Amino acid sequence: MSDSPHDMVHDGAYEAEAYGLHVPHSSKKEILTVFVVLAVLTGIEFVLAFAMHPSVARTIIFLVLTIFKAAGIVLYFMHMKHELKRLMYSVLLPLIFIVYLVALLIIETQG
Amino acid sequence: MSTEITIENGGNVWDGRRLALGATYGKVMMWFFLLSDAFTFSAFLTAYGFFRFSSTTWPSPEVVFQSFPIFAPHGGWPLVFVGLMTFILIASSLTMVLAVEAGHRKDNKSVVRYLVFTIIGGATFLSCQAYEWSHLLHQGLWIGISNNDFQVTEEMADGEHHGGEDAKEWIATRRIFYPVKTVIDGEEWNIGGEEKHEGTRMLGPDYFPKSDKPVLDYNGVAYMNGHGDYINPGDAEMVLPSGETMMFGKLFFFITGFHGFHVFSGVVILVILLTMVVKGMMAKRGHYEMVEKVGLYWHFVDLVWVFVFTLFYLI
């Protein structure tokens, strides 16, 4: 037996399956539900762009809806919800730097 | 099968021989590539937000983006076209995730079908973006110094646009212009749209350093020539966009261009993937993980668009 982990994978077998891992995937019903939610949220944003005058409140509503949509895409379309927590945190936690940058700029532009 | 990795023979999960993050190397690296790309995009989008919220005036999206090919080429359908583009991209994300799902079932035929739909969606999105780019270019926006000056000179020279009212109408039909209140040196000015500005304001000659022609500032704030002399608005030969409008143009073309390049790359990668699937390479391998990895990239492109849509078109 070789030391290389790749040698443990049989030729033609899915590497993840060969390691005895559950390959994450979403059911068709879940996918379609997320799609409908994304479409509806976009529709709400579209309506609000005309129904509300530009204001801080409207901007916050838009950003919250956007983050909901982004979460839907990452968690369900990209199957992040079904990945190991370790991978999830490795990818998602560094995004805190973006929040930090945005927070700094919001504070500074209030000047 | 468990979602957790079983640690055999008491070994450490990080000592090799197992997938420490529960995904194959290729997939983990795709995730980290996307993370780095997320930082790049967020730097651009944050810069946009920074300029947007620290400016006293800014072009209004429902005024800038209101044309629709064939049905409303000269405006009147605000945000409809970009709404359609967004829907197309989300729909292509749906067909992509369905291709991944078909891959899990090892259903080669369905994978091919959904990949074709995804490619069509991506190509349609790119075509829509080409239309929108060309539309804004013709309105005089661009990353660099716009060719707006030359265009205005042509239009005004052809005899159609003379006199103060014509000049104002010309500005109004540019669509980028929108009524705002702005503060210049502590004084409030109503400019643009139906509202007439309350007066003229002289800006120093250095405001139009390169011009020796009579210039009308895009905001209607300054009527003057390059030598700093006051002129009649109707005698203007050039209309300059406001600084904020030009900034908007630069950011719009750069950021949507960077995103569009991602979409274009995605379409190319999808076409390569499709030929591989059609040739039966995935079926031969026994798994469709390549579809999953391309899918991650494609969803990321959609994800970025969700933010671009909010920042450029809604806020």
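User: Which residue takes a positive phi just after α3(B)?
Analyst: Welcome! This is a predicted model, where local features need pLDDT of at least 70, side-chain atom pairs count only at pLDDT 80 or more, and totals for chains, interfaces and linings use all residues. Residues are numbered from 1 along each chain as its sequence is written, chains are lettered from A and ligands numbered from 1 in the order in which they are written, and side-chain values use heavy atoms, leaving out hydrogens and water. Helices (H or I, at least four residues) and strands (E, at least two) are DSSP runs numbered from the N terminus, and just after helix α3(B), a positive phi of about 55° is taken by K106(B).

User: How many residues of α3(B) are buried?
Analyst: The end C-alpha atoms of α3(B) are 36 Å apart, which agrees with the 36 Å that its 25 residues should span at 1.5 Å a residue; the expected span is 1.5 Å times one less than the number of residues. Buried means under 20% relative accessible area, exposed over 50%, and partly exposed in between (1.4 Å probe, protein chains only). By that rule α3(B) is mostly covered, and of its 25 residues the number buried is 20.

User: What pattern does chain A follow along the sequence?
Analyst: Chain A has five helices and zero strands. Of its 111 residues, 34% count as buried. Read along the sequence, the pattern is α-α-α-α-α.

User: Which elements of chain B help to cover the buried residues of α2(A)?
Analyst: Helix α2 of chain A runs over residues 28–51, and its end C-alpha atoms are 34 Å apart, in agreement with the span that its 24 residues should have. Its buried residues include I31(A), F35(A), L38(A) and L48(A). The cover includes α3 (56–77) of chain A and, from chain B, α2, α3 and α9.

User: How far apart in sequence are the parts that F65(B) and Y313(B) tie together?
Analyst: Rings of Phe, Tyr and Trp (its six-membered ring) pair if their centres lie within 6.5 Å, with planes under 30 degrees apart counted as stacked, over 60 as edge-to-face and the rest as tilted. F65(B) and Y313(B) form a tilted pair, 4.5 Å centre to centre with 55° between the planes. F65(B) lies in the loop between α2 (61–64) and α3 (80–104) of chain B, while Y313(B) lies in helix α9 (residues 289–314) of chain B, so the pair joins parts whose separation in sequence is 248 residues.

User: Which residue of the tilted pair F68(B) and F71(B) is exposed?
Analyst: The rings of F68(B) and F71(B) are 5.9 Å apart centre to centre, with 45° between the planes. F68(B) is buried, with a relative accessible area of 12%. At 58% relative accessibility, the exposed residue is F71(B).

User: How many aromatic pairs are there over all chains?
Analyst: Some of the rings gather in one aromatic cluster, whose members include Y48(B), F65(B), W133(B), W305(B) and Y313(B). Two of these members are buried: F65(B) at 5% relative accessible area and Y313(B) at 1%. Over all chains, the count of aromatic pairs comes to 27.

User: Which ring has R113(B) over its face?
Analyst: A charge sits over a ring if NZ of Lys or CZ of Arg is within 6 Å of the ring centre and within 35 degrees of the ring normal. R113(B) is placed this way, at 5.1 Å from the centre of the ring of Y114(B).

User: Which residue forms a salt bridge with K27(B) at 2.6 Å?
Analyst: Side chains of opposite charge can pair when their charged atoms come close. A salt bridge is a side-chain nitrogen of Lys or Arg within 4 Å of a carboxyl oxygen of Asp or Glu. One such bridge links distant parts of the chain, with K27(B) in helix α1 (residues 25–53) of chain B and its partner in helix α9 of chain B, 265 residues apart. The closest N and O atoms are 2.6 Å apart, and the partner of K27(B) is E292(B).

User: What separates K293(B) and E289(B) along helix α9 of chain B?
Analyst: The side chains of K293(B) and E289(B) meet in a salt bridge, 3.5 Å from N to O, and both residues are buried. Being four residues apart in the helix, they are separated by about one helical turn.

User: Which side chain of opposite charge is nearest to D302(B)?
Analyst: D302(B) belongs to helix α9 of chain B. Contact means heavy atoms within 4.5 Å, and D302(B) touches residues including I73(A) and L89(B). Lys and Arg count as positive and Asp and Glu as negative, while His and the chain ends are not counted. D302(B) is buried yet has no salt bridge, and the nearest side chain of opposite charge, 7.8 Å away, is K69(A).

Notes: Lists of a residue's contacts leave out its neighbours within four places in sequence.
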